[in-house]
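Colleague: Please take one part of this model and examine it closely, in connected prose. I should like to see how that part is paired and covered, and then how it fits into the whole.

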Amino acid sequence: MKLGVNLLCVGGFIDQSQLKFCQLAAEVGYDGVEVPVLEGTADHYEWLGGELDALGLERTCTAITPDPNADPTSADPEIRERGLEHLDWIVDCANALGAQTIGGPFHAPIGHFTGSGPTTEEWKRGADAHHRMAKKASVQGMRLALEPLNRFETHFLNTAQQAAQYCKMVDHPAFGIMYDTFHAHIEEKEQARAIAAVAGQINVLHISENDRGTPGTGQINFGRVFSSVKKTGFDGWVVMEAFGAGVPELAAATRIWRPMFDTHAQLFRDSAEFIRKNWAQA
């Protein structure tokens, strides 16, 4: 297992001013950081990769599809083409960063709904786009970890059962799932069954509490989550994800306008201790 921390708790674009949090992650004992790839150029992520190398930190990354006019699942050829170009940009930036995996909801635009569930045609277009993306990422030694979100954030992919079916449609060895405990807490009847449904398809495990605060302080039974994940043979990236009110540009997307943890030092240290202890005991 490699332990990471998602840097969306400090900002949506990691530059010189946020390197102190990367230093904190290294001091606390994280193996790496999960870098948001939401904007910028490949040159910037190449610079950031060098800074993380100097700190001894490996990295994953997370990305989204932010624009309904650049949607790889769209029936409109021009919108779909822009969506494919956006997926190419994600892979290029992740490669420049030196990321091992690309995670997140890079399927359909977050918060954009059609008024119904995903259609067969949407899934077919998405699977074609993600097979193409996985093929490009695999050439650079990276794997994809597409993240199902809860129904209040997307209609495209919500449950583990859907994710397992979608993986079969994409049909590429570099393609898999980011299993997020926060979203599963909303959508699944029981997390152990959900994890079993995507056995062998989890490329990144997101540890996120039900209120998106410090893991271990809320309702989610992480001991059962870790035991269930270990039963599948998973031994990859386990990434802590939390959000707070301190990042205004993300507040609207996460619907968080109040503090969810005391300080970043508290969040990083308590989360690392909790995850490592409970992973070892599982």
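Modeller: What follows is an account of the opening portion of the sheet, then of its setting.

The model is a predicted one, in which local features need pLDDT of at least 70 and side-chain atom pairs count only at pLDDT 80 or more, whereas totals for chains, interfaces and linings use all residues. Residues are numbered from 1 along each chain as its sequence is written, and side-chain values use heavy atoms, with hydrogens and water left out.

The overall frame is given by ten helices and eight strands. Helices (H or I, at least four residues) and strands (E, at least two) are DSSP runs, numbered from the N terminus. The eight strands form a closed barrel in the order 1-2-3-4-5-6-7-8, with parallel pairing; strands pair if DSSP finds at least two bridges between them. From one strand to the next, the twist averages 30°. Angles run from 0 to 180 degrees between N-to-C directions, and axes are lines fitted to C-alpha atoms, for helices over the stretch in contact.

Strand 1 (residues 2-6) is the starting point. Because four of its five residues are buried, strand 1 is largely enclosed by the rest of the structure. Buried means under 20% relative accessible area and exposed over 50%, with partly exposed in between (1.4 Å probe, protein chains only). Strand 1 runs parallel to strand 8 (residues 237-240), to which four bridges join it, and Gly4 stands opposite Val239 there. Strand 1 also pairs with strand 2 (residues 32-36), in the parallel sense, over three bridges. Across that pairing Gly4 has Gly32 as its bridge partner, and Val5 has Val33.

The chain passes from strand 1 through helix 1 (residues 19-28) to strand 2 in a right-handed β-α-β crossover. Right-handed here means that, with the strands pointing away from the viewer, the path from the first strand over the helix to the second runs clockwise. In helix 1 the buried residues are Leu19, Phe21, Cys22, Leu24 and Ala25. An α-helix has 3.6 residues a turn, so residues three or four places apart point the same way. The cover over these buried residues includes strand 1, strand 2, helix 2 (42-55) and helix 10 (264-281), where contact means heavy atoms within 4.5 Å. Just after helix 1 comes Gly29, with a positive phi of about 110°.

Strand 2 has five of its five residues buried, so it too is largely enclosed by the rest of the structure. In a regular strand the side chains alternate between the two faces of the sheet. Both faces of strand 2 are covered, with Gly32, Glu34 and Pro36 buried on one side and Val33 and Val35 on the other. Five bridges pair strand 2 with strand 3 (residues 58-62) in the parallel sense, and Glu34 stands opposite Thr60. Strand 2, helix 2 and strand 3 make a right-handed β-α-β unit.

Elsewhere on the sheet, helix 4 (residues 120-139) lies across strand 4 (101-104), strand 5 (143-146) and strand 6 (175-180), running at about 145° to strand 5. Helix 5 (residues 160-170) touches strand 5 and strand 6, and its direction makes about 160° with that of strand 6. The buried residues of helix 5, including Ala160, Tyr166 and Val170, pack against helix 4, strand 5, strand 6 and helix 7 (191-197).

Most residues other than glycine have a negative phi, and most peptide bonds are trans. Asp171, which follows helix 5, has a positive phi near 55°; at 57% relative accessibility, Asp171 counts as exposed. Arg212 also has a positive phi, of about 65°, but Arg212 is buried, with a relative accessible area of 6%. Arg212 lies in the loop between strand 7 (202-207) and helix 8 (222-231).

As for the whole, buried residues make up 55% of the 282 residues. Along its principal axes the C-alpha trace spans about 45 × 45 × 35 Å. Among contacts with a separation of 6 or more, 80% are between residues 24 or more positions apart.
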